[in-house]
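This report describes a protein chain and its ligand, beginning with the overall fold and then turning to one helix and to the surroundings of the ligand.

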Amino acid sequence: MPKTLEGQITMEKTPSYFVTREAPARISAMSRDTKLIVVVRDPVTRAISDYTQTLSKNPDIPTFESLTFRNRTMGLIDTSWSAIQIGIYAKHLDNWLQYFPMGQILFVSGERLISDPAGELGRVQDFLGLKRIITDKHFYFNQTKGFPCLKKAEGSSKPHCLGKTKGRTHPNIHPEVVQRLQDFYRPFNMKFYQMTGHNFGWD
Ligand SMILES: Nc1ncnc2c1ncn2[C@@H]1O[C@H](COP(=O)(O)OS(=O)(=O)O)[C@@H](OP(=O)(O)O)[C@H]1O
């Protein structure tokens, strides 16, 4: 990471850090004051989104349903599958709390980032100690994309939406499989709500 001067904020984004065992110790050794921001969404939708992304690169992979279970009849979930493993947020957070206090970690709701982007970015700006510069005025809802977009991209006067790889249509997953996954995640979600003091409303 480059050195940060007075009045500057240095940012780095790597989604896999949150689930990488060695990351908290390494980041803490670099700077104990680092502020951490994690976007989380319903782990079931997250798993389907993850699968959709892999499927788009490799259309020959097995179905979501067959990857989800170690034994479908027994309802045994394959927790070694990364798409499932990543959504056990409480477990990953435990690892971070060995090195960082909760006050240095902000969890952004992926759902609210879509339904109220300015509100969620307001929380981010507050957390970083910034003035609330980004507000409702900066967003519009793009009906074609089905997501909020920026009215003006940075350094441009044109609107800007995220690219085609964000907001893909998810495959239909058998409702029974979705239900099993919801049941699987419920206790971990509850623990996560307790740890963060925030109910993300996934249940
Ligand atoms: N404004 C806006 N436009 C488009 N997409 C949006 C937006 N806000 C949040 N999202 C959601 O972001 C999801 C993709 O983020 P990722 O987690 O895959 O990003 S990353 O690859 O980890 O950087 C992506 O997930 P999928 O819908 O499964 O593609 C979106 O639901």
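How many helices and strands does the secondary structure of the protein chain come to? In this predicted model, the count is eight helices and six strands, and read along the sequence these elements follow the pattern α-β-α-α-β-β-α-α-β-α-α-β-β-α.

**Overall fold**

Taken along the principal axes, the C-alpha atoms of the protein chain fill a box of roughly 60 × 45 × 30 Å. The protein chain has 203 residues, of which 34% are buried, and its accessible surface comes to about 13000 Å², with 54% of that area belonging to carbon and sulfur atoms. Among the contacts in the protein chain with a separation of 6 or more, 56% are accounted for by residues that lie 24 or more positions apart.

**Helix α1**

Helix α1 spans residues 23–30, and within it Ala23, Pro24, Ile27 and Ser28 are buried. Viewed down the axis of α1, these buried residues fall within an arc of 120°, so they line one face of the helix. That buried set packs against β1 (36–40) and α5 (89–97), whereas Arg26 and Ala29, on the other side of α1, are exposed.

**Surroundings of the ligand**

Which residues come nearest among the 13 around the ligand? They are Lys13, Ser49, Lys166, Gly167 and His170. Sorted by class, the shell around the ligand consists of five nonpolar, four polar and four charged residues, and at least two residues of this shell are supplied by each of α2 (43–57) and β6 (147–150).

The table lists polar atom pairs between the protein and the ligand.

| Residue | Protein atom | Ligand atom | Distance |
|---|---|---|---|
| Arginine 41 | polar side-chain atom | oxygen | 3.0 Å |
| Proline 148 | polar backbone atom | nitrogen | 2.9 Å |
| Lysine 166 | N or O atom in the side chain | oxygen | 2.8 Å |

Arginine 41 and lysine 166 thus each place a side-chain atom opposite an oxygen atom of the ligand, while proline 148 pairs through its backbone with a nitrogen atom of the ligand. Lysine 166, with its distance of 2.8 Å, also appears among the residues that come nearest to the ligand. On its own the ligand has 640 Å² of accessible area, and the protein covers 76% of it.

Terms used: Residues numbered from 1 in each chain as written. Predicted model: local features only at pLDDT ≥ 70, side-chain atom pairs only at ≥ 80, totals over all residues. Heavy atoms only, no water. Buried < 20%, exposed > 50% of the residue type's maximum accessible area, 1.4 Å probe, protein only. Helix = DSSP H or I, 4+ residues; strand = E, 2+ residues; numbered from the N terminus. Arc of directions from axis to C-beta. Contact = heavy atoms within 4.5 Å. Near = heavy atom within 4 Å. Polar contact = N/O pair within 3.5 Å; in protein donor to acceptor, adjacent residues only side chain to side chain. Areas by Shrake-Rupley, 256 points an atom, 1.4 Å probe, with all protein chains shown as cover. Nonpolar A, V, L, I, M, F, W, Y, C, P; charged D, E, K, R; others polar.
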